[in-house]
Amino acid sequence: MLTGFRPTGPMHIGHWFGNVMNLVRLQEDHEAFYFLADWHMLTTHYDRTEELPENVRTLALDLVAAGVDPNRVTFYRQSDVKEVAELTLLLGMITPLGWLERVPTYKERLRDMAERDVANFGLLGYPVLQTVDITIVKGELIPVGEDQVSHVELTRELVRRFNRHYGDVLVEPRALLSNAPSVPGSDGRKMSKSLDNTIDVRDDEATIRRKVRSFITDPMKVRLGDPGRPDICPIFALHRLFSQDIYEWTRENCSTGALPCVDCKTNLADRIVAYYAPFRDRREELERTPGVAEKILADGREKVGPVVEETMKAVRTAMNLA
Ligand code: TRP
């Protein structure tokens with residue numbers, strides 16, 4: 001099993017419930033490879049490389065504090081594995097342009113980042129690089145969100161094409177979709193850094209409280225005592241994740257109008273603060289140990305090395321290369 005994380009900024013509770021908790025569970029009974037996809041970050045943020053070292057370090061520590069266990073998982077940084085670049089070049093030789101131009105995320109990025117000049121070779125090749133991430137460790141199961149399914153599909157086609165040309169060398173993976181709920185942000189849309197509607201897992205108590213207060217609620221619940229519609233309210237969606245103890249009570253008292261939104265938000269903020277307290281302690285403890293992220297990633301690089309070498313030897317032999 002393998003998955004990657006682009007180090008583009010702070011981890012928020014959408015990542016936490018949408019993805020990270022699932023990966024912490026999956027590491028228990030799979031041979032797991034988790035890595036930080038810093039080269040992938042460059043496909044859109046090539047002009048912000050000064051942010052890279054700190055983003056890599058904080059994401060590594062966030063994942064470990066969240067429960068990713070580097071003793072269990074092979075946890076490494078993509079750019080530490082230079083063979084990934086070699087195999088990307090080789091796979092590029094047999095990747096039809098049309099396949100890449102059709103990928104929905106490519107078209108979305110071009111549209112959403114129209115002002116940022118990302119129409120580059122690197123961005124077009126994003127799924128080739130992702131194919132390499134997967135195949136270089138012989139990944140079979142790829143836990144990803146819905147948005148990544150087209151990339152895994154392309155990986156499968158590319159693996160078949162490679163194997164047709166050069167023999168049965170690469171392993172064909174499949175996507176493992178989690179049934180995690182999509183977490184709404186403060187504006188009711190999907191929580192996302194680019195929409196500036198997140199609560200970050202490392203936010204301090206005051207920030208969490210301020211952000212929870214800023215959430216939209218049912219627009220029909222205007223005056224005190226108005227009945228609310230919990231099922232369309234993003235605050236209630238978050239109660240589902242954080243407030244087992246008062247979940248049904250909240251539904252009931254929102255629907256009758258007895259529970260004012262201000263109080264409902266305070267209840268939620270209390271629970272988010274308490275939920276992340278152990279995470280924050282572990283995170284601070286890691287932060288106090290100098291060089292811990294570097295050490296973890298260096299160990300991961302050691303562990304992944306032989307796996308990568310084995311694949312590359314087979315590829316070079318199959319392609320008659322040195
Ligand atoms: N594209 C993935 C994302 O944006 C990150 C990623 C890079 C990845 N390489 C991967 C995920 C390989 C799974 C497998 O979230």
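Let's start with strands S1 and S2. S1, residues 2–5, pairs with S2 in the parallel sense, and four bridges hold the pairing. Keep in mind that this is a predicted model. If you want a spot to look at, find Phe5, which stands opposite Leu36 in S2. How does the chain get from S1 to S2? Helix H1, residues 13–26, joins them in a right-handed β-α-β unit.

Now stay with S2 for a moment, because I'd like you to look at both of its faces. S2 covers residues 33–36, and Phe33 and Phe35 are buried on one side. On the other side, Tyr34 and Leu36 are buried as well, so both faces are covered.

S2 has another partner, too. Strand S3, residues 74–77, pairs with S2 in the parallel sense, again over four bridges. Here Leu36 turns up once more, standing opposite Arg77 in S3.

On to the ligand, which I suspect is what many of you came for. How many residues surround the ligand? There are 14, and the closest are Arg6, Tyr126, Gln130, Asp133 and Gln148. By type, the shell divides into seven nonpolar, five polar and two charged residues.

Three contacts are nice to click through, each to a nitrogen atom of the ligand. For Tyr126, a polar side-chain atom lies 2.7 Å from a ligand nitrogen. For Gln130, a polar side-chain atom sits 3.0 Å from a nitrogen atom of the ligand. And for Gln148, an N or O atom of the side chain is 2.9 Å from a ligand nitrogen. As for how covered the ligand is, taken alone it exposes 370 Å², and the protein buries 91% of that.

Which elements supply the shell? S1, helix H8 and strand S4 each contribute at least two residues to it. H8 gives the most, with four residues.

So let's zoom in on H8, which spans 126–136. Why do we call this helix largely enclosed by the rest of the structure? Because 11 of its 11 residues are buried. Among them are Tyr126, Gln130 and Asp133, which you just met as some of the closest residues to the ligand. Val128, Leu129, Val132 and Ile134 are also on the buried list. Just past the helix, have a look at Lys138, which follows H8 and has a positive phi, near 60°.

Strand S4, residues 141–144, also feeds the ligand shell, and S4 has a partner of its own. S4 and S5 run parallel, joined by four bridges. Within that pairing, Pro143 has Leu176 in S5 as its bridge partner. The chain crosses from S4 to S5 through helix H9, residues 149–166, and this β-α-β crossover is right-handed.

Let me finish with two loop residues. Asn197 lies in the loop between S5, 174–177, and helix H10, 205–213. Is Asn197 buried or exposed? Its relative accessibility is 1%, so Asn197 counts as buried. A polar atom of the Asn197 side chain lies 3.2 Å from the backbone oxygen of Lys190.

The other one is Gln244, in the loop between helix H11, 234–242, and helix H12, 247–256. Gln244 has a relative accessible area of 62%, so this residue is exposed. If you are tracing the chain on screen, Gln244 and Arg271 are 27 residues apart in sequence, and their C-alpha atoms are 9.8 Å apart in space.

How values were computed. Residues are numbered from 1 along each chain as its sequence is written. This is a predicted model: local features need pLDDT of at least 70, side-chain atom pairs count only at pLDDT 80 or more; totals for chains, interfaces and linings use all residues. Side-chain values use heavy atoms; hydrogens and water are left out. Buried means under 20% relative accessible area, exposed over 50%, partly exposed in between (1.4 Å probe, protein chains only). Two strands pair if DSSP finds at least two bridges between them. A crossover is right-handed if, with the strands pointing away from the viewer, the path from the first strand over the helix to the second runs clockwise. A residue is near a molecule or strand if one of its heavy atoms lies within 4 Å of it. A polar contact is a pair of N or O atoms within 3.5 Å; within protein, one must be able to donate a hydrogen and the other to accept it, and residues adjacent in sequence count only if both atoms are side-chain atoms. Accessible areas come from the Shrake-Rupley method with a 1.4 Å probe; for residues, only the protein chains shown count as cover. Ala, Val, Leu, Ile, Met, Phe, Trp, Tyr, Cys and Pro count as nonpolar, Asp, Glu, Lys and Arg as charged, and the others, Gly among them, as polar.
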